[in-house]
Structure formats: structure tokens, C-alpha cells
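Me: I have a structure open in front of me and would like to learn how to read it. Could we go through some features together?

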Amino acid sequence: MALTLYVDTARWRAHQKTIIDQFPGLIPVCKGNGYGFGHERLCEEATRMGADILAVGTTYEAASIKDRFGGDLLVLTPFRRGEEPVPLPDRVIRSVASVDGVRGLVGARVVIECMSSMRRHGISEQDLGLLHSAIEDVRLEGFALHLPLDRPDGSDAVEEVIGWMDRLRAARLPLHTMFVSHLRAEELARLQQQFPQTRFRARIGTRLWLGDHDATQYRGAVLDVTRVAKGDRFGYRQQKAASDGWLVVVAGGTSHGVGLEAPKALHGMMPRAKGVARAGLATVNRNLSPFVWAGKQRWFAEPPHMQVSILFVPSDATEPKVGDELVAHLRHTTTQFDRVLDA
């Protein structure tokens, strides 16, 4: 009895191939919880697709993955002086976001991040003149731009990249490779056509692994079902049942990521109104679970436990049975499954 991730492997890999074909030289990203699939599985997939570089989030992830993937590993978190040293092989490439960082990695393979409109980290245009001497002591793999997902101001992602290409060229810095994130296939093609001497390499995670939502599905197994009548007390806090129905114990709790949610950026009146409504219901202990039964998303009977959740299913629905599985709408990047089954 488990929270299971079902993968339609043929469909999942067909989607991967579509993305690979659209982005020549693609660098798959494997960070965090491995986009819900785990590091081991994504390392196998990256090897199967013939990737020469795999991008990871941190040096700790690189240390964990190095024996599972035989190609180069690109660490996306920029190097900072004073960080805890982690023993890594020479095939690891470090991202750097400052001139001081470049100077602190003598002899290392590095990718230099440029400050994009993300405003997260990166060298500035004013730093470019200082890079000439700094890059003499490292093995420069190229420059990189991490771009925003949305552009409400109507700005053009390609123009932003071109702006940096022009700045780097004016500073007479090598432009053999540019690593980019969050560009569409047609945008990447425009850049490659305009700068044929530069190799553009897209770093892609979410779109590659999670782009086909119908290729994967989480399901939680029903572990127990208890009949309750209106007014019956139950659970840790001994709340009263609001009506007749069933308490359904289903696999999947806080240790799996159930009930845990990252903040969302809301756009438009309707999503904001729904957010306000959800917040209002939460103040009276009404929280919608991610589990679906009989075509409806069901309410938590109480906050999820560590490994299970208790749901309330009203008497007007079909009674769940032990061993049934409930589809769960869970965010891959915050979910840990008990097992994965390939279809």
C-alpha cells in the first residue's frame, strides 16, 4: 500500500525526444528531488539520450550523482569563496557569477553567468573589462544567461541575449559557447542563425521531464475506511463529522510532500478570488486535498499525517474500498513517492 508514481514510459520518452529534437545540444537538468523521478532515474534517462553534460543544482548533488552519470556535470549554483569544499572530479564544471569567483577557481572548468533581467546573480557589464586577466587562469567553458519565464513588459528574450552577445563581443571575450535557460525553440534557432560561430546550449529541466502531464500520474492506495455519522468525533483533535460519510485513510502524507505547497504567482482576478476563498475556508479547517475520488477532489478530514492522509468522503458518493487507488494531483518537485511503476 503506497503512494505510487505511474509513468507511461513510452509516452514520456516520446516527449523527451520531441524536446531534444527542438533543442540541439540540449543539457538536461537534474536537481532537487529529480523533478519527482529521483536522481538515479534521471541519470539513466540522460545517459540513454546520449547527453554529454548533465546540469545539477549544487555541489552536493554533483557528489551524489557523479557515480551515476559518466559525462560532465554542470553545477548551476554559483561558486562563492568560503563555501564548504566538496571533493569532485575534474569533469565537474562550476558556474561563477563574479570576477572574484573566477579568480577563486584557478585551474577549474567554469561557466560565467551574466546578470539577466532575472536580477538573481551574474557579472555586470562593468565587470567585463576585469575578466580578461581572470579567465587566463581557468578553463572557460562559456558564458550563460538564466532568463525569466514571463515577460509582462513585452520585452524580447532574444534581444536580451543579443544584448549580452554584443557586450561580450565588444569586450573581446571568447564567444564559442553560450548556455541559456527558458528560451523557446524558435528563439534559440534565431540566435543560432544570427551567431553561427557560437554554440547555444539550452539547459532544460521542467519542460523536458514534466512537459507532458498525461505521461505521469500519482495515486495513493486506500489503507482503511471507517463509517461515521454526523456529529461523530474523530482524529487527533477530535473534530465532529459535518455529515454522514466515510473517513478514508490514504497513502501519502507530509513526508511525501502531501499538504505542502510552494507559493504561487497569481495573475488575474479569478485566480486571486479563488486564493482568497481557499484561505477563508482554511480558517475554519476546510482544506481541499490533492486526492480525487468519484470524479471530485476530496477534503482533508484533518491535516495530513506524516505518511498518510485522512479524507472525508460524504455518503452520497461511492464508498471507497481498501486497496482502491485515488489519483493525487501533486507537484512533482515537492513530492517523494514510495515506488514508481512503469507502464
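Reply: Happily! Keep in mind that this is a predicted model. Searching the whole structure turns up one cavity of 30 Å³ or more.

Me: How do people look for empty space in a protein, and what volume does the largest cavity have here?

Reply: The general idea is to roll a probe the size of a water molecule over the atoms, which shows where empty space is left. In this model, the volume of the largest cavity is about 40 Å³.

Me: Which residues line the largest cavity?

Reply: You can pick them out on your screen: Glu 113, Cys 114, Ser 116, Met 118, Arg 120, His 121 and His 146. Sorted by class, that lining has three polar, two nonpolar and two charged residues.

Me: Now for helices. How do I describe the packing of helix 6 and helix 7?

Reply: Two packed helices are described by the angle between their axes and the distance between the axes. Here, helix 6 (residues 157–170) packs with helix 7 (residues 185–194) at an angle of about 30°, and their axes are 10 Å apart. The crossing of helix 6 and helix 7 is right-handed.

Me: Which residues make the contact?

Reply: Helix 6 contributes Ala 157, Val 158, Glu 159, Val 161 and Ile 162, while helix 7 brings Glu 187, Arg 190, Leu 191 and Gln 194. By class, this contact of helix 6 with helix 7 has five nonpolar, three charged and one polar residue.

Me: What does UniProt list for residues 12–153?

Reply: An unreviewed UniProt entry lists them as "domain: Alanine racemase N-terminal". Over residues 12–153, the chain is 28% helix and 23% strand.

Note on methods:
Residues numbered from 1 in each chain as written. Predicted model: local features only at pLDDT ≥ 70, side-chain atom pairs only at ≥ 80, totals over all residues. Heavy atoms only, no water. UniProt positions renumbered as here; feature names shortened; annotations may be inferred. Helix = DSSP H or I, 4+ residues; strand = E, 2+ residues; numbered from the N terminus. Axes fitted to C-alpha atoms, helices over the stretch in contact; angles between N-to-C directions. Left-handed = near helix turned anticlockwise from the far one by under 90°. Contact = heavy atoms within 4.5 Å. Nonpolar A, V, L, I, M, F, W, Y, C, P; charged D, E, K, R; others polar. 1 Å grid on protein atoms, 1.4 Å probe; cavity = no way out; pocket = protein on both sides within 12 Å on 5 of 7 lines; lining within 4 Å. Points joined across faces, edges and corners; volume = space filled by probe spheres on them.
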